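Here are my notes on the model, set out as numbered points. Please read them with the sequence and structure open.

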Amino acid sequence: MNKYTIFIDESGTLPDPNNTVVIIAAVGTNLPDKFLQITTKVREQIPSKQKSLPEIKFYRAGEHTKRKYLKLLSQENIKIFLLTIEKNHQIISDNPTNFALLCWLLIQDCFLYIKPSDVKEIVFDKHFSNYRDIQEFNHILTALLEKAPIIKHVNSQIEPAVNAADMIAGAFLWKNTGKDDQFFSIIEPKVLSSQKLNWPEAKSKLFITKKSR
């Protein structure tokens, strides 16, 4: 069996006081090329007025495109993991330390269902533009995981497979904020884990882990 690739992306932002929650979504697959095929199929059916979109992102796609993409995704052998951080309008710094903490919490859940030795790589939709921030994030996350797979940060316009995580995160955020739950309901049967924490709870998990080592 092919090893798993885990794609990760977020919806909502830590520093924006208008965001009450931040969603981090992970989707694991041992056939990542299937995600590229989904993108191709959906693009073939995109209304002409949206064909100029550079990529299929939840907040750029129309309702038909969202439904089609998520329906095709739900038909694949995938594993979905979700982390909700309730921030209650807090302004939280979006730095490598804080983002690595959230991703570590999510990946820990992934590893309950997918053995780390069965994971080929973890692929992030590029969150930081500064190379130093990316290196710091990788260093922190690798240290927290102790035995980490390959970690990659990609431009979703070049590697659109990572947009599967964006579509899931966006759909779950809409459900969480009461905007619309129809899109998440399509993919919900594939969810294996969904954890909800407030920001102090998330930080305390890191403190407990460091103390136990």
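1. A residue counts as buried when its relative accessible area is under 20%, and as exposed when that area is over 50%. The model is predicted, and the points below should be read with that in mind. By this cut-off I46, at 6% relative accessibility, is buried. I46 sits in the loop between α1 and α2. Its C-alpha atom is separated by 9.4 Å from that of K68, and the two residues are 22 residues apart along the chain.

2. Helix α1 covers residues 33-45, 13 residues in total. From its first C-alpha to its last it reaches 19 Å, close to the 18 Å expected at 1.5 Å a residue.

3. Which residues of α1 are buried? They are F35, I38, T39 and V42. These residues cover an arc of only 100° around the axis, and therefore lie on the same side of α1. The general rule is that an α-helix has 3.6 residues a turn, so residues three or four places apart point the same way. On the face of α1 turned away from the buried side are the exposed residues D33 and E44.

4. What do the buried residues of α1 pack against? Their partners are two strands, β1 (4-11) and β2 (21-29), and two helices, α2 (63-74) and α5 (163-176).

5. Strand β1 has 7 of its 8 residues buried, so the rest of the structure largely encloses it. β1 pairs with β2 in the antiparallel sense over 7 bridges, and with β4 in the parallel sense over 5 bridges. I6 takes part on both sides: its bridge partner in β2 is G28, and in β4 it stands opposite I122. Y4 stands opposite V119 in β4.

6. Strand β4 (residues 119-125) is likewise largely enclosed by the rest of the structure, because 6 of its 7 residues are buried. Besides β1, β4 pairs with β5 (residues 150-154), in the parallel sense and over 5 bridges. In that pairing, D125 has V154 as its bridge partner in β5. Together with helix α4 (residues 131-145), β4 and β5 make a right-handed β-α-β unit.

7. The largest nonpolar core has 38 residues, and those with the most contacts inside it are I6, I8, F124 and L141. Two or more residues each come from β1, β2, β3 (79-86), α3 (96-113), β4, α4 and α7 (199-212). Which element gives the largest share of this core? It is α3, with 11 residues.

8. I6 deserves a look of its own. Leaving aside residues up to four places away in sequence, I6 touches A26, V27 and G28, then C110, F111 and I114, and also V119, E121, I122 and V123. A second, separate core has 34 residues, among them I23, I38, I46 and W174. Two residues from the earlier points thus return here: I38 is one of the buried residues of α1, and I46 belongs to the loop between α1 and α2.

Conventions:
Residues numbered from 1 in each chain as written. Predicted model: local features only at pLDDT ≥ 70, side-chain atom pairs only at ≥ 80, totals over all residues. Heavy atoms only, no water. Helix = DSSP H or I, 4+ residues; strand = E, 2+ residues; numbered from the N terminus. Expected span 1.5 Å × (residues − 1). Buried < 20%, exposed > 50% of the residue type's maximum accessible area, 1.4 Å probe, protein only. Arc of directions from axis to C-beta. Contact = heavy atoms within 4.5 Å. Pairing = 2+ DSSP bridges. Right-handed = clockwise from strand over helix to strand, strands pointing away. Core = buried A, V, L, I, M, F, W, Y, C linked by side-chain atoms within 4.5 Å.
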